[in-house]
Amino acid sequence: MESRGSVPARPRTYEGVWRFTAAAVDVSVPQARHAVRDLLNRQGVPAEDDLVQGLLLIVSELVTNAVRHAALLSPEVAVEVAIGAEWIRVSVEDNHPYRPKALETDSGQTGGRGLLLVREITLEAGGSCDVEHTASGGKIIWAALPLLPLSPTDGTTPL
């Protein structure tokens, strides 16, 4: 209950939205991963190590897909990190119109399972992911993960 003259609650210091762009080249994959990791550390985001590792793997997979499949029409990709009080969302945007699908692949293939991995990491963490079209005809692939770990007994977040 708020009393007269009290100050409204301020967002936590780690909350915000950060966006950076990178060339759609192989070297951008580790650079994006390191940039996100450094951002989380700098902002003091209260995330378990498993969540951070999963998030960094998601960033690597999404940037890799943009570099491998969209570079011809999108020489630059954008990575966005949005952090709320109880969640973190990463997205990768490119200008290629193709909307990928996480399809099962032949187990003999060495690639093609990146989006399956993104989906599984996201679902295991209790989050969600999707692909959206942009107004300019490109796409944004995003994954949002909860900062609070799921309770192992009932799948709910702890109070």
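**Exercise 1. Place Asn65 of this predicted model in its secondary structure element and decide whether the residue is buried or exposed.**

Solution. Asn65 belongs to helix H2. Its relative accessible area is 17%. The cut-off for buried is under 20%, so Asn65 is classed as buried. Leaving out residues up to four places away in sequence, Asn65 touches Ala70 and Leu115.

**Exercise 2. Describe helix H2 by length and by burial.**

Solution. Start with the extent: H2 covers residues 49-70, which makes 22 residues. The distance from its first C-alpha to its last is 31 Å, close to the 32 Å expected at 1.5 Å a residue. Next comes burial: 16 of the 22 residues are buried, and the helix is mostly covered.

A second residue of H2 is Leu55. With a relative accessible area of 1%, Leu55 is buried. Beyond its neighbours within four places in sequence, Leu55 is in contact with Leu40, Ile88, Val90 and Leu145. For one of these partners, Leu145, the separation from Leu55 is 90 residues in sequence and 8.0 Å in space, C-alpha to C-alpha.

**Exercise 3. Find which residues have the most contacts inside the largest nonpolar core, and which elements supply this core.**

Solution. The largest nonpolar core has 34 residues. Inside it, Leu40, Ile58, Val63, Ile83 and Ile88 have the most contacts. At least two core residues come from each of these elements: helix H1 (28-43), H2, strand S2 (76-83), S3, helix H3 (114-124) and strand S5 (139-146). H2 gives the most, with ten residues. In soluble globular proteins, nonpolar side chains tend to be buried together.

Take Val63 from this core as an example. Not counting residues up to four places away in sequence, Val63 touches Ser28, Val29, Ala32, Val79 and Val92.

**Exercise 4. Give the order of the elements along the chain and work out how the strands pair.**

Solution. The chain has three helices and five strands. From the N terminus on, they run β-α-α-β-β-α-β-β.

Step 1: S1 with S2. Strand S1 (residues 16-23) and S2 run antiparallel and are joined by eight bridges. Arg19 stands opposite Glu80 in this pairing.

Step 2: S2 with S3. These strands also pair in the antiparallel sense, over six bridges. Glu80 stands opposite Ser91 in S3. Glu80 therefore has a partner on each side, Arg19 in one pairing and Ser91 in the other.Six of the eight residues of S2 are buried, and the hairpin from S2 to S3 passes through three residues.

Step 3: S4 with S5. Strand S4 (residues 128-133) pairs with S5 in the antiparallel sense, over six bridges. His133 has Lys139 in S5 as its bridge partner. Five residues lie between the strands of this hairpin, where Gly137 takes a positive phi near 100°.

**Exercise 5. Decide whether Glu93 is buried or exposed, and identify the residue with which its side chain makes a polar contact.**

Solution. Glu93 is found in strand S3 (residues 87-94). Its relative accessibility is 17%, so Glu93 counts as buried. The side chain of Glu93 makes a polar contact with the side chain of Arg19, at 2.8 Å. Residues up to four places away in sequence aside, Glu93 touches Arg19, Glu76, Val77, Ala78, Thr134, Lys139 and Ile140.

**Exercise 6. Assign Asp130 to its strand and state its exposure and its contacts.**

Solution. Asp130 is in strand S4. With a relative accessible area of 36%, Asp130 is partly exposed. When residues up to four places away in sequence are left out, Asp130 touches Arg99, Ile140, Ile141 and Trp142. Of these, Ile141 is eleven residues from Asp130 in sequence and 5.9 Å from it in space, C-alpha to C-alpha.

**Exercise 7. State what percentage of the chain is buried, what area the chain exposes, and what percentage of its contacts link residues 24 or more positions apart.**

Solution. The chain has 159 residues, and buried residues make up 39% of them. The exposed area is about 9,700 Å², of which carbon and sulfur atoms supply 53%. Among contacts with a separation of 6 or more, 64% are between residues 24 or more positions apart.

Note on methods:
Residues numbered from 1 in each chain as written. Predicted model: local features only at pLDDT ≥ 70, side-chain atom pairs only at ≥ 80, totals over all residues. Heavy atoms only, no water. Helix = DSSP H or I, 4+ residues; strand = E, 2+ residues; numbered from the N terminus. Expected span 1.5 Å × (residues − 1). Buried < 20%, exposed > 50% of the residue type's maximum accessible area, 1.4 Å probe, protein only. Polar contact = N/O pair within 3.5 Å; in protein donor to acceptor, adjacent residues only side chain to side chain. Contact = heavy atoms within 4.5 Å. Areas by Shrake-Rupley, 256 points an atom, 1.4 Å probe, with all protein chains shown as cover. Core = buried A, V, L, I, M, F, W, Y, C linked by side-chain atoms within 4.5 Å. Pairing = 2+ DSSP bridges.
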